Amino acid sequence: MINAKNFDIVTPGELLSDERNGRNGTYEENEKVYSKFLGMVQLSDRGISVSPLAGNYYPKEGDDIVGEVTEVSAKYWVVDINAPFYTRLDVRDVNFRVEESELDRYIDIGDLVYARVFRVYPNNAADISMRGTRYGKLESKMITRIDPVKLPRLIGKEGAMINLIKEETKCDIVVGQNGIVWVDGEDKNRAAALSAIKFIDENYVDSDLAEKVRRLLEDVRGKI
Amino acid sequence: MYEERFDKRKFDELRPMEAETGIIPNAKGSARFRIGNTEAIAAVYGPEEVKPRHIEKVNKGIIVCKYDMLPFSVPDRAKPGMDRRDIEISQVITNALNKAVILEDMPRAMVNVRIYITQADAGTRCASLTAASMACADAGLPMRDLVAAVAAGKIGDSICLDLTKEEEDFHEGGATDVPIGFLPSKNEIVLLQLDGKVTREELKKIVEVGKKGAMEIYELEKAALKRRFLNESKS
């Protein structure tokens, strides 16, 4: 017996089924499956899963993330990546030569970095690395945060949504998989892009979101 | 003898309730719960690094909960900061939340829960616990169940649900106050305190009455948590 429908919104502790087919976001007690999160039910042949509607970023290996440097030490930077724990960026893991003990000459407190998670510890702490040509320090310091669970809507199918925002506003946008979004462009365009991201953050359960975002961007441009 | 309640409610009737989530933008999760003239606001921060370091647990997370009554919440000004009573209530709420939140899923992490009472008219610890559990769910913490808490008790010879301050201070025959916290879908009790004097049979009846009230609160909690997402899809 399955008690839930696809796309139902459930609260923690709601009974989902008694067939022991719970997957992510569920737990089992007395051979019954309950929801673990405030989330949306997803049914499939393999079982029931619940994807949370709010929540934290838990680093996964291979994630590309945007982080803010909060501390500089002799051999590493401490980076806030929106996760429960701070992360370290070691001097050996950057893609340029560094004189040791002069780390703040290259990346200082408050700077933004684009990096990759390469190791995750059992307690969800992580190490990040900037090795590779894709990664590096991000100039200009405009970032905005979005709930990581809402990222799929911001990116859209094969990047459709984020490309739409990029084209309409002519901004450079880097979306970290941790929910920090870096936006660069002219002031007006940047404001438009930020309002679009905020709109998605607030209305992410809507259908035909792309059309609404396009309309919003036209609205914003009309005002300027 | 206590035959009719001061506010003309039935003996097993709750005061009018109101619940709302997502009221504090800076917190990861937040909730407001009002029952009659009692109102609690809860905010959840985290999971984050444990401070101070020595209370860290290697295999599970910890919840640190602070309950505070704001100075203007009671007729006589409450002194700001935590007093003995606040510390006790913080502890019982922490104990109850420990049962509701799946701590094993967040090793070495810490969740901060802050609860403020903006208006007090008895039953603040129950309102706090209800608000705190809603805020935890709103923050996306893994949970076994929501907590629905309500005070029941005996006034004179009658068993009542959801006492007001006026009733708690009832003199003829004495008043007993029993705050109860439930995990409604698990049928578990996570908070049970007793202030007064009752027999074993009476206590059983009181818990039974409390359970009925808690189920009503549970429905309201669920509706409040879901409402935010349903509203958004309409606009």
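Which exposed residues does α2(A) carry on the face turned away from its buried side? Keep that in mind as you click around; this is a predicted model.

**Stop one: all of chain A**

Select chain A and zoom out. Its C-alpha trace spans about 65 × 50 × 25 Å along the principal axes. Colour by secondary structure and you should find 4 helices and 15 strands. Of the chain's 224 residues, 38% count as buried. Now think about contacts between residues at least 6 apart in the sequence of chain A: 56% of them join residues at least 24 apart.

**Stop two: helix α2 of chain A**

Select residues 160-169 of chain A, which make up helix α2, and show the side chains. The buried ones here are A:M161, A:I162, A:I165 and A:T169. Turn the view until you look down the axis of α2(A): these buried residues fall within an arc of 100°, so they line one face of the helix. There's a simple bit of geometry to remember here: an α-helix has 3.6 residues a turn, so residues three or four places apart point the same way.

Now for the opening question. Spin to the face of α2(A) turned away from the buried side, and you'll meet the exposed residues A:A160 and A:E167.

Before leaving, step just past the end of α2(A) and pick A:K170, which takes a positive phi of about 55°.

**Stop three: a hairpin in chain A**

Next, select residues 172-175 of chain A, strand β14. Its side chains alternate: A:I173 and A:V175 point to one face and are buried. A:D172 and A:V174 point to the other face and are not buried.

Add residues 180-184 of chain A, strand β15, to your selection. The two strands run antiparallel, with 4 bridges joining them. Look across from A:D172 and you'll see A:D184 of β15(A) standing opposite. Then follow the chain around the hairpin, where 4 residues sit between the strands. Click on A:G179 there: this glycine has a positive phi, near 95°.

**Last stop: where chain B touches chain A**

Bring chain B into view. The contact takes 28 residues from chain B and 24 from chain A. On chain B, try selecting β3 (38-49), α2 (124-138) and α4 (200-234), since each supplies at least two residues of the side that touches chain A. Which of chain B's elements gives the most to that side? Pick α4(B), with 6 residues. Finally, colour the touching side of chain B by residue class: there are 12 nonpolar, 6 polar and 10 charged residues.

Note on methods: Residues are numbered from 1 along each chain as its sequence is written. Chains are lettered from A and ligands numbered from 1 in the order in which they are written. This is a predicted model: local features need pLDDT of at least 70, side-chain atom pairs count only at pLDDT 80 or more; totals for chains, interfaces and linings use all residues. A residue is buried if 20 or more other C-beta atoms lie within 10 Å of its own, exposed if 12 or fewer, and partly exposed in between; C-beta atoms are placed from the backbone. The arc is that of the directions from the helix axis to the C-beta atoms. Two residues are in contact if their C-beta atoms, placed from the backbone, lie within 7 Å. Two strands pair if DSSP finds at least two bridges between them. Ala, Val, Leu, Ile, Met, Phe, Trp, Tyr, Cys and Pro count as nonpolar, Asp, Glu, Lys and Arg as charged, and the others, Gly among them, as polar.
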